[in-house]
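Visitor: I'd like a close look at one part of this structure, starting from a single residue and working outward. Keep it informal, please.

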Amino acid sequence: MENNAGMIKPELTELPQISDRMSFIYLEHCVINREDSAVKVTDMNGDVFIPAAAITTLLLGPGCKITHRAMELIGDSGIGIVWVGEHGVRYYAHGRALNSHTRLLLKQAEFVSNTRKHLDVVRKMYQMRFPNEDVSGLTLQQLRGREGSRVRATYREYAKKWNIPWKGREYDPDDFTSGTPVNQALSAGNVCLYGLAHSVICALGCSAGLGFVHVGHECSFAYDIADLYKAETTIPIAFEMAAKVRDEFEDRCPQDFSGMIRRRLRDEMVKKHLLERMVHDIKYLLSDDENTGEEENAVYLWDNMILTRNNCT
């Protein structure tokens, strides 16, 4: 009979602090099991053993298979687990938050429900995107109006750069292919960005429904966070890919156009370390000052190309 003995479930006081762990580990196309107190990851290159106490969150991408024994270890060790699309461009579900406390969630609820603090967060969001503007005296409505104006200017800037006709953001959520190539690209890219933001929000134990600029939707906070990065990711990529369609496909979108957008955005997300930045920015937005009080250099994104036997055994 197989010996299923493993580690005894630890008390909360015995688990390492969040700042001592390797925050996010992304896995895909592998089998996840357990061996004693380690998460055993097996792919075509062999086995990697990751100490359970060293992980805060596992992001499970396409092609992952996970055993009941692995989930038992993950639950006992207080590890968060999120099922995502390739490199986090979709959020599907999550098992639990990485935190054993609700500090960030309580801060989020406090800031959302307090009029002054709510506005302070919106101002922080605006200044993160446009740092040279003084918005200390602007109301929420004025901030929304100014943000909308700046976003429209960004659209026009990239339309001119790539020589793409632009009549504004137009799309039919029930008929994706009816939109122009640039609008299709924006829709596909934004969904990916929302997915990554949603994954990070859940992993940190926050609520995706408690937003500041966006309100009243189950993904309001995910939309807020995603909007911080559109001007450097989805907008330029959408116009770039629309130009590619014009030049290589005679303005007819290829069958896998949305897949092309997702892969292009995925690479840009990894290049710009967007996951790590989202973690830092959410903590900053939900802090009382610019010092989040935590070690930000403890946040990493690992995948099966980086996760080697040398640094995990």
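Which residues does asparagine 190 touch, not counting residues up to four places away in sequence?

Guide: Leaving out residues up to four places away in sequence, asparagine 190 touches Arg169, Lys230 and Thr234. A touch, or contact, means heavy atoms within 4.5 Å. Before going on, know that this is a predicted model, where local features need pLDDT of at least 70 and side-chain atom pairs count only at pLDDT 80 or more, while totals for chains, interfaces and linings use all residues. Numbering runs from 1 along each chain as its sequence is written, and side-chain values use heavy atoms, with hydrogens and water left out.

Asparagine 190 sits in helix H5, which covers residues 181–203. Helices (H or I, at least four residues) and strands (E, at least two) are DSSP runs numbered from the N terminus. Asparagine 190 counts as buried because its relative accessibility is 7%; buried means under 20% relative accessible area, exposed over 50%, and partly exposed in between, using a 1.4 Å probe and protein chains only.

Thr234, one of the residues touched by asparagine 190, leads us to H7, where Thr234 is buried along with Ile235, Pro236, Ile237, Ala238, Phe239, Met241, Ala242, Ala243 and Val245. Those buried residues pack against H4, H5 and helix H8 (257–271). H7 has 16 residues and reaches 21 Å from its first C-alpha to its last, close to the 22 Å expected at 1.5 Å a residue; the expected span is 1.5 Å times one less than the number of residues. Just after H7, glutamate 250 takes a positive phi of about 55°. That is worth a glance because most residues other than glycine have a negative phi, and most peptide bonds are trans.

Phe239 of H7 also joins Tyr155 and Trp166 in one aromatic cluster. The structure holds five aromatic pairs, where rings of Phe, Tyr and Trp (its six-membered ring) pair if their centres lie within 6.5 Å, and planes under 30 degrees apart count as stacked, over 60 as edge-to-face and the rest as tilted.

Tyr155 takes us across to H4, whose buried residues are Leu140, Leu143, Glu147, Thr154, Tyr155, Tyr158 and Ala159. They pack against H3, H5, H6 and H7. The 23 residues of H4 should span 33 Å at 1.5 Å a residue, and the end C-alpha atoms are 33 Å apart, so the two agree. After H4 comes asparagine 163, which has a positive phi near 55°.

H5 also feeds the nonpolar interior: the largest nonpolar core has 66 residues, with Ile225, Met278 and Ile282 touching the most other members. The largest share of this core, eleven residues, comes from H5. A nonpolar core here is a set of buried Ala, Val, Leu, Ile, Met, Phe, Trp, Tyr and Cys residues joined through side-chain atoms within 4.5 Å. Isoleucine 282 touches Val200, Ile201, Leu204, Cys206, Phe221 and Ile225, again not counting residues up to four places away in sequence. Apart from this core lies another one, of 17 residues, among them Ile32, Ile50, Leu60 and Ile74. In soluble globular proteins, nonpolar side chains tend to be buried together.

Now to H3, which H4 packs against. Helix H3 (residues 115–129) has 15 residues, and its buried residues include Leu119, Val121, Val122, Lys124 and Met125. Helices H2 (103–113), H4 (140–162), H6 (220–227) and H9 (274–285) are among what covers the buried residues of H3. Lysine 124 lies over the face of tyrosine 284, at 4.5 Å from the ring centre; a charge sits over a ring if NZ of Lys or CZ of Arg is within 6 Å of the ring centre and within 35 degrees of the ring normal.

One last stop is the loop between H8 and H9, where histidine 273 is found. Histidine 273 has a positive phi of about 55° although it is not a glycine, and with a relative accessible area of 46% this residue is partly exposed. For the wider setting, the protein has ten helices and nine strands, and buried residues make up 47% of its 313 residues.
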